[in-house]
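Here are a few friendly notes to read with the model open beside you. Each point takes up one feature, with the residues to look for.

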Amino acid sequence: MSAPDPAGPEPSPATFRLLVESAANAIVIADENGRIIFVNLQAEKLFGYDRGELLGKSVDVLVPAQFRSKHPAYRQGFIAAPSARPMGVGRDLFGTRKDGTEVPVEIGLNPIRTERGQMLVAAIIVDITARKKTENELSLIREELARRAADLEAIVAKRTAHLERAVAELEAFSYTASHDLRAPLRAIQGYAHFLLKRIGGRHDAESRLQLERMGVSASRMDRLVQDLLAYSRVGRGEADLERVDLDSVVAHITSHYPGLDKIQLQVRSPLGPAVGQFSLLIQTLSNLIANAVKFVPKERTPSIDIWTERERGRVTVFVKDNGIGIDPAYQEKIFNPFVRLDPAGPYEGTGIGLAIVKKAVAQMGGRVRLEPTAGQGTTFAVELQDEA
Amino acid sequence: MFSPAKAVLFADDDINDRYLMLEACKDAGIRHPLVMVEDGEEVIHYLNGAGKYGDRALYPIPCLAVLDLSMPRKSGFDALRWIRESPQWRSLRVVILSASAQPRDVALAYELGACAYIMKPSTAEELIALAAAINSFWLRFAESPP
């Protein structure tokens, strides 16, 4: 047995005919005058003619009516410079069926020179109805998408405007609150002060005490208003978080807050970085330090110890003082606004400091808690992320 | 020739704040004449010597203006703007005394040429301390424009 000869016997013309008939695309062959001399089965199906009806006719009958008059000139142009190429590049092509309907097509033209020297043109015609339909659907979907994106943008713009208005209103409210609520309080306190001075020793101790208390109460109310405003301002909206060097935060506090030079402040440097926001960290640590200084009996020198511990991507800042301490039973309560554990006690304050701390720490995605402390004093722990 | 002492001009729409400031200035020992007006428009009338303000024996020329910001008709900003644009008064020392210290207001005040921005003290003790500071700094140590 020998291998088949690669150059070996050519398929018979009958085989070629079968091949052409079974092709998936329509094939129309015309002579140099444009007369149809061959169509295959797919061409019959595509154009709706029996082949007997097409043979001998001009290919122009397959061209849509509005282009038909120009088609002979195109044909002659092709015969003059024959080469295999797609027809009508850049244009949408259509074929005309027997019933007059049009079908979108893609056409490849191939010149064929016969053994007898005759020039034929074979057109391979692909029905692209399905592709056109998909393209149309796609473009509809794109338009729909663009429309929805525009709608979404409009909604976002509207909500943003709404939010900006709300923030502006809130700021206007803060301004009114600070300006209009505080003015009468200043007046009450001021009049009480000057009246007390004016009556001097002329009135009884009881009257003077009442005037004093009036002034003190007005001052206290003024502080409450200021603190409430401070609390409402903490971290309005989203905070932009970054890694902040805690040593620089503490350095900023010690250089900007008077009176800290009178206390013992031990900072176990380097504290290292934590994820947060500089101004929120300032508010957090300055309030904890102020709190620590405030709740120390008069005869004791306030002593504050600050250090950090790192574990599993979290960094905890500890602030420990030698003050009067806080009963762990109040662990939850102390972080609520305007909570004072001992309102009648000697330690002044409005009870907003720790509420500000809690809010600021939450803004930075952290937590603050009271730590069990051995011996005297209080330890606060602020847990933040180590890395963003 | 005798020239009358220059005044300190206060502008505030709050009658209590005006009264208490006067008391505090007395307490702080300010000897300059103290004159009070109620809004920014009055500041401009005063400086122009319009109407009754033409009587400079009663309403002396000021060497310092202390302006509240939020006032009806013309605000402290309006008055400050007018002062800085006035050929006669543009070197007048102006101190803003406001109930709020909103960063936007503080920035604008300095931009418009305020010499200082001070938040209204909340207690009489602090108000007296402020009056004493004005007395020693602006009325004693700081040179007045000629």
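The points below cover a helix, some salt bridges and a pocket.

1. A word before you start: this is a predicted model, so please read every value below as computed from the prediction.

2. Let's begin with helix H7 of chain A, residues 205–233. H7(A) has 29 residues and spans 42 Å from its first C-alpha to its last, close to the 42 Å expected at 1.5 Å a residue. The buried residues of H7(A) include A:Leu211, A:Ala218, A:Val225 and A:Leu229. You will also find A:Asp222 and A:Asp227 among the buried residues of this helix.

3. Now to the charged pairs: there are 30 salt bridges over all chains. Two of them make a nice start in helix H6 of chain A. A:Glu135 pairs with A:Lys132, with the closest N and O atoms 3.6 Å apart. These two are 3 residues apart in H6 (residues 129–199), which means about one helical turn separates them. A:Glu135 itself is partly exposed, at 38% relative accessible area.

4. The other H6 pair is A:Arg148 with A:Glu144, a salt bridge of 2.9 Å from N to O. Here the partners are 4 residues apart in the helix, again about one helical turn. Why does such spacing suit a pair? An α-helix has 3.6 residues a turn, so residues three or four places apart point the same way. A:Arg148 counts as exposed at 55% relative accessibility, while A:Glu144 is partly exposed at 27%.

5. For a contact between strands, look at A:Arg314 and A:Glu383, whose side chains meet in a salt bridge at 3.0 Å, N to O. A:Arg314 lies in strand E11 (residues 314–320) and A:Glu383 in strand E13 (residues 379–385), so the pair ties together parts that are 69 residues apart in sequence. A:Arg314 is partly exposed, with 25% relative accessible area, whereas A:Glu383 counts as buried at 11%.

6. Salt bridges that share partners also build a network, which joins A:Asp92, A:Glu106, A:Arg131, A:Lys132 and A:Glu135.

7. Finally, do visit the second largest pocket, with a volume of about 620 Å³. Of its 32 lining residues, the closest to the centre are A:His71, A:Arg75, A:Met87, A:Ile107 and A:Leu109. Elements giving two or more residues to the lining include strand E1 (26–31), strand E5 (102–113) and strand E6 (119–127) of chain A. Which element gives the most to this lining? That is H5(A), with 5 residues. By class, the lining has 21 nonpolar, 5 polar and 6 charged residues.

Key:
Residues are numbered from 1 along each chain as its sequence is written. Chains are lettered from A and ligands numbered from 1 in the order in which they are written. This is a predicted model: local features need pLDDT of at least 70, side-chain atom pairs count only at pLDDT 80 or more; totals for chains, interfaces and linings use all residues. Side-chain values use heavy atoms; hydrogens and water are left out. The expected span of a helix is 1.5 Å times one less than its number of residues. Buried means under 20% relative accessible area, exposed over 50%, partly exposed in between (1.4 Å probe, protein chains only). A salt bridge is a side-chain nitrogen of Lys or Arg within 4 Å of a carboxyl oxygen of Asp or Glu. On a 1 Å grid over the protein atoms alone, a cavity is a set of points where a 1.4 Å probe fits but cannot get out, and a pocket is an open set with protein on both sides within 12 Å along at least five of seven lines; lining residues have an atom within 4 Å of a point. Grid points are joined across faces, edges and corners, and a volume is the space filled by probe spheres set on the points. Ala, Val, Leu, Ile, Met, Phe, Trp, Tyr, Cys and Pro count as nonpolar, Asp, Glu, Lys and Arg as charged, and the others, Gly among them, as polar.
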